[in-house]
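Thanks for coming, everyone. I have one structure to walk through today. Please take a moment with the sequence and the model before I start.

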Amino acid sequence: MDSDNTALTDADAFVFFGATGDLAHKKIFPALYQMVRAGTLSVPVIGVAYSQWGLPEFRDHVRDSVRASGETVEDNETLEQLLSLLVYVDGDYGKPATFAAVKAALGSARRPAHYLAIPPSLFSTVITGLQDAGLNRDARVIVEKPFGRDLASAKELNRVLRSAFDESATFRIDHYLGKEEIMNLLYFRFANSFLEPIWNRDHVASVQITLSETFGVQGRGNFYETAGCLRDVVQNHMFQIVALLAMEPPAYQGFQAVQDEKFKVFKGMQPLAAEDIVRGQFTGYRDEAGVAADSDVETFCALRLTIDSWRWAGVPWYLRSGKCLPVGAAEVVVELKPPPQPLFSDSNPAPGRANYFRFRLSPNPVIAIAARVKRVGEEFIGDQRELSLMNSQPGTEQPYQRLLGDALAGDGALYTREDSIEAAWAVVEPILVHHHASQPYAPGTWGPEAADALISGAGHWHNPDPDPTEQPTR
Ligand code: BG6
């Protein structure tokens, strides 16, 4: 597909606000390292932070991050190349001197990409600082999530961004869109013709999406207290998956057409009510650093979503995500309606789900189609079988490698659009405030029992199988 964005050429510097933060260490430097290795990063990387560091500390930090990602750091040419691109600016984002120092560090670079991996409370300060120093001219901005914490704050962020950057120069990250398996949802749906006749309310009984993690909040208690599961992964990552599964075929070959269709899905989602969501909190969460002793923040949520469209009216979409669950996986199950007549002794009720599509997104991605097949013998009874169309594919790029590479190249295809983000916030807006209290659940279980009642109209939750190679972590 084409990116449809011809306005931007390659950026000639990468300015990284929040360069000493957690995300930078865990994900971004390993991604930049892979980009250097792949030949897609050769411009200066200017780290900006307020940590009283100098370039030597910054370099050590980057080396450490690359090592922690599993790379050997001794005699490593790629790493040396990355280190040679680094520049560091230490300073308070509220002071013009910091932006003057960034300008000096940019030297002759004229088309910088400013990457903001900073707390949302600092967004407008940094945008204003960039604008006042003229650093928004011919520049682009890459914005890390969370993009707002409700509809009003997202609108405000968009307003601030638009005051300094054109929409075509604004890249809002949802790292799920950079995942190979998520791109495959789009490809699988529209590169095949057999799916379209059954991909609708006439044939689909329900859709389930589970995004489960075995670990807790991993020292991010402070952040998590301001977010909770609904804001952290549902309004963004999970809704993006829903949009790709539910959208109409794009009208032409180009990502703007995809963005248009995704937007319509968000607009068609019915605003959620308190009865549509079960909130849970794992026992022990309140003992985490930075968490209030009486916190009601949800570390689990299960919700029922409806999309009011010609294609999906009446089909329930069940979304579930949580921390400290028994299995770490992301999986989609699209269940088809049963045959109209139970003709065989084992078909009423058929054990398990007769026909479904299963998209295991991680780990070990799978695309499978399920059907019942007769067992050998006189009786007409059968077994459930899965036809696997795809198993894990080696050599996939990490999402940040793909996304940052695209932004530097000026390609916004895998980024989210202003109108879609606001439409997605509008769906969850009612339950951000009006919801039932979080119910406790024991770590290692599938959340509070009430989550089972929520889905009872469509059977039960499909619990992803464990990855045999995964070690439980907390
Ligand atoms: C992040 C959330 O956006 O996504 C985390 O802040 C979550 O809480 C993570 O763990 C999940 O991403 P992935 O790629 O590990 O599935």
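**Charges, core and odd corners**

Let me start with charge. The chain carries 43 positive and 60 negative charges, and their mean positions lie 2 Å apart. Keep in mind throughout that this is a predicted model.

Now the overall build. There are 13 helices and 15 strands in the chain. The radius of gyration is 24 Å, and the globule rule gives 23 Å for 474 residues, so the chain is as compact as a globular protein of that length. Along the principal axes, the C-alpha trace spans about 80 × 50 × 45 Å.

What share of the residues counts as buried? It is 53% of the 474. As for the outside, the chain exposes about 21,000 Å², and carbon and sulfur atoms supply 52% of that area.

Next, contacts along the sequence. Take the contacts with a separation of 6 or more. Of those, 78% are between residues 24 or more positions apart.

On to the core. The largest nonpolar core has 149 residues. Which residues have the most contacts inside it? They are Phe 14, Trp 317 and Phe 359. Helix α9, residues 229-246, gives this core its largest share, 12 residues.

Look at Trp 317 in detail. Leaving out residues up to four places away in sequence, Trp 317 touches Val 207, Val 242, Leu 245 and Ala 246, among others. Its contacts also include Leu 303, Arg 304, Leu 305, Ile 307 and Trp 312.

Now the backbone. A reminder first: most peptide bonds are trans, and most residues other than glycine have a negative phi. I have two cis bonds and two positive phi values to show you.

Cis bond, case one. Lys 145 and Pro 146 are joined by a cis peptide bond, with omega at about 5°. Pro 146 sits in the loop between β5 (140-143) and α6 (151-164).

Pro 146 also has a partner to note. Phe 223 touches Pro 146 and Asp 232, again not counting residues up to four places away in sequence. Phe 223 is in helix α8, residues 221-227. Is Phe 223 buried, exposed or partly exposed? Its relative accessibility is 24%, so it counts as partly exposed. Phe 223 and Gly 290 are 67 residues apart in sequence, and their C-alpha atoms are 8.2 Å apart in space.

Cis bond, case two. Ser 362 and Pro 363 are joined by a cis peptide bond, with omega at about -20°. Pro 363 is in the loop between β12 (356-362) and β13 (366-374).

Now the positive phi values. Asp 75 has a phi near 50°, and it is not a glycine. Its loop runs between α2 (55-68) and α3 (77-85). At 83% relative accessibility, Asp 75 counts as exposed.

Cys 324 has a positive phi too, about 60°, and it is not a glycine either. Cys 324 lies in the loop between β10 (316-322) and β11 (329-336). Buried or exposed? Cys 324 is buried, with a relative accessible area of 1%.

Two more loop residues, and then I am done.

First, Ala 169. This residue is in the loop between α6 and β6 (170-172). Its relative accessibility is 5%, so Ala 169 counts as buried. What does Ala 169 touch, not counting residues up to four places away in sequence? The list is Leu 8, Ala 139, Arg 140 and Val 141. Ala 251 is 82 residues from Ala 169 along the chain, and the two C-alpha atoms are separated by 24 Å.

Last, His 175. This histidine is in the loop between β6 and α7 (180-191). Setting aside residues up to four places away in sequence, His 175 touches His 237, Pro 399, Tyr 400 and Leu 403. His 175 and Thr 40 are 135 residues apart in sequence and 18 Å apart from C-alpha to C-alpha.

To recap the places to click on: Trp 317 for the core, Pro 146 and Pro 363 for the cis bonds, and Asp 75 and Cys 324 for positive phi. Thank you.

How values were computed: Residues numbered from 1 in each chain as written. Predicted model: local features only at pLDDT ≥ 70, side-chain atom pairs only at ≥ 80, totals over all residues. Heavy atoms only, no water. Helix = DSSP H or I, 4+ residues; strand = E, 2+ residues; numbered from the N terminus. Rg over C-alpha atoms; globule rule 2.2 N^0.38 Å. Buried < 20%, exposed > 50% of the residue type's maximum accessible area, 1.4 Å probe, protein only. Contact = heavy atoms within 4.5 Å. Areas by Shrake-Rupley, 256 points an atom, 1.4 Å probe, with all protein chains shown as cover. Lys, Arg positive; Asp, Glu negative; His and termini not counted. Charge placed at Lys NZ, Arg CZ, Asp CG, Glu CD. Core = buried A, V, L, I, M, F, W, Y, C linked by side-chain atoms within 4.5 Å.
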